[in-house]
Amino acid sequence: MTRVLVLNCGSSSVRYRLFDGAEVHAKGLIQQIGEEGGDAADHREALQNLMDRLDLSGLAAVGHRVVHGGERFTEATVITDEVVAAIEELIPLAPLHNPGALTGIRATRKLLPDVPQVAVFDTAFHATIPPEGVLWAVDRELTRRWGLRRYGFHGTSHAYVSRETARLLGKPVAETNVITLHLGNGASAAAVRGGRCEATSMGMTPLSGLVMGTRSGDIDPSLVFHLHRVAGLSVDEIEESLTRRGGMAGLTGANDMREVEQRLTAGDPDAELAFAIYTRRLREYVGSYLALLGRVDAITFTAGVGENSAHVRAAALAGLEPLGITVDEARNQRNDLIISADGAPVAVCVVPTEEELEIADEARNALSLPA
């Protein structure tokens, strides 16, 4: 079995998994890096402490999660000085995420100079979306100069879950069409035809698409102009509001779906409306992706909300029975892997995502290493 260390480095945290083949040898989270009382003074110290306590004998590769690969990186890529420089150039597209990944990459390359390292990009899985699915009807000169297009995110999750859905159904990936719904604090949908992404809900940034924990999802772009001209808010204030005080937090004051559902049960009208907005947006995307794919073998829920909220799953697909989509109440409440009724034309599945395992596998593939 080939041993791979997977790192997901944020601005003040490091999540890690050490894999022997598909088995997790060690895992953990280092938090509040650089903060008073935190686990480490900086990323280098955090990673040094991590490596001191892990058995890294036989380590074949390090896989780094990088959120944004722009148009250049469409697959997992072995890290070189040139790759590091290119990821740095992409910071304007992911100012909250790429800097943390770069910090982790630089520190790990110094600490493990003889171990090959691979960047695995959230955006890469969506590189197969055709031009008509990634370009917007805006000035083409602006599009060319500034890279204005849909990139999409959560790619490692959508890739893994769509393949696992095919396996669950006993069908070849190349013959399976799946709508994947990654529902966590961040949320996105994808239409996957034969293992290749055809469409996804997030755009140039992770702000668009579904209603999320703190992000608004789709809005009328003129809302930004209105808040600037009429309300007098600055561009930075509007961005802060849409990304950190929007979504379920903006509608209810709570970004955790579990709390929203508790309030819903208690009859809170704000929670009732927020839940209706959240699940209607899901139905709208499912409906559009059904039309796009033409034939759908399965709709699959994943991530924290998708894997655990029977209420969200049922409400998101309510009323779609004429399209062959049904949810069996008992199976849904048990969180079965397949929660649709027997004989339903479209399977409804619940597949736990394994993004770190996907990163490990993509790192191995990039280096032509055995599993």
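In this predicted model, Leu181 of strand S7 sits across from Phe301 of strand S10. That pair belongs to a parallel match between S7 and S10 (residues 298-302), which runs over 5 bridges. On the antiparallel side of the story, S7 pairs with strand S8 (residues 187-193) over 7 bridges. Here Asn177 faces Arg193 of S8, and the two strands make up a hairpin, with 3 residues between them.

So how buried is S7 (residues 177-183)? Buried here means under 20% relative accessible area, and 7 of its 7 residues qualify, so the strand is largely enclosed by the rest of the structure. Side chains in a regular strand alternate between the two faces of the sheet. In S7, both faces turn out to be covered: Asn177, Ile179, Leu181 and Leu183 are buried on one side, and Val178, Thr180 and His182 are buried on the other.

Helix H2 (residues 81-89) is a two-sided affair. Its buried residues are Val83, Val84, Ala86 and Ile87. Looking down the axis of H2, these fall within an arc of 165 degrees, so they line one face of the helix. Turned away from that buried side is a face carrying the exposed residues Asp81, Glu82 and Glu89. As for what sits over the buried residues of H2, the cover includes strands S4 (59-66), S5 (77-78) and S6 (117-121), along with helix H3 (98-111).

Over in helix H1 (residues 43-53) there is His43, and its surroundings are worth a look. His43 has a relative accessible area of 7%, which makes it buried. Leaving aside residues up to four places away in sequence, His43 touches Cys9, Gly10, Ser11, Ser12, Ser13 and Val14, plus Ile33 and Thr103.

Then there are the pockets. The second largest pocket comes out at a volume of about 330 Å³. Which elements give two or more residues to its lining? These are helix H10 (257-265) and helix H12 (303-308). The lining of this pocket counts 15 residues, and those lying nearest its centre are Asp256, Met257, Arg258, Gly304 and Val305. Sorted by class, the lining of the second largest pocket breaks down into 5 nonpolar, 7 polar and 3 charged residues.

Conventions: Residues numbered from 1 in each chain as written. Predicted model: local features only at pLDDT ≥ 70, side-chain atom pairs only at ≥ 80, totals over all residues. Heavy atoms only, no water. 1 Å grid on protein atoms, 1.4 Å probe; cavity = no way out; pocket = protein on both sides within 12 Å on 5 of 7 lines; lining within 4 Å. Points joined across faces, edges and corners; volume = space filled by probe spheres on them. Helix = DSSP H or I, 4+ residues; strand = E, 2+ residues; numbered from the N terminus. Nonpolar A, V, L, I, M, F, W, Y, C, P; charged D, E, K, R; others polar. Buried < 20%, exposed > 50% of the residue type's maximum accessible area, 1.4 Å probe, protein only. Contact = heavy atoms within 4.5 Å. Pairing = 2+ DSSP bridges. Arc of directions from axis to C-beta.
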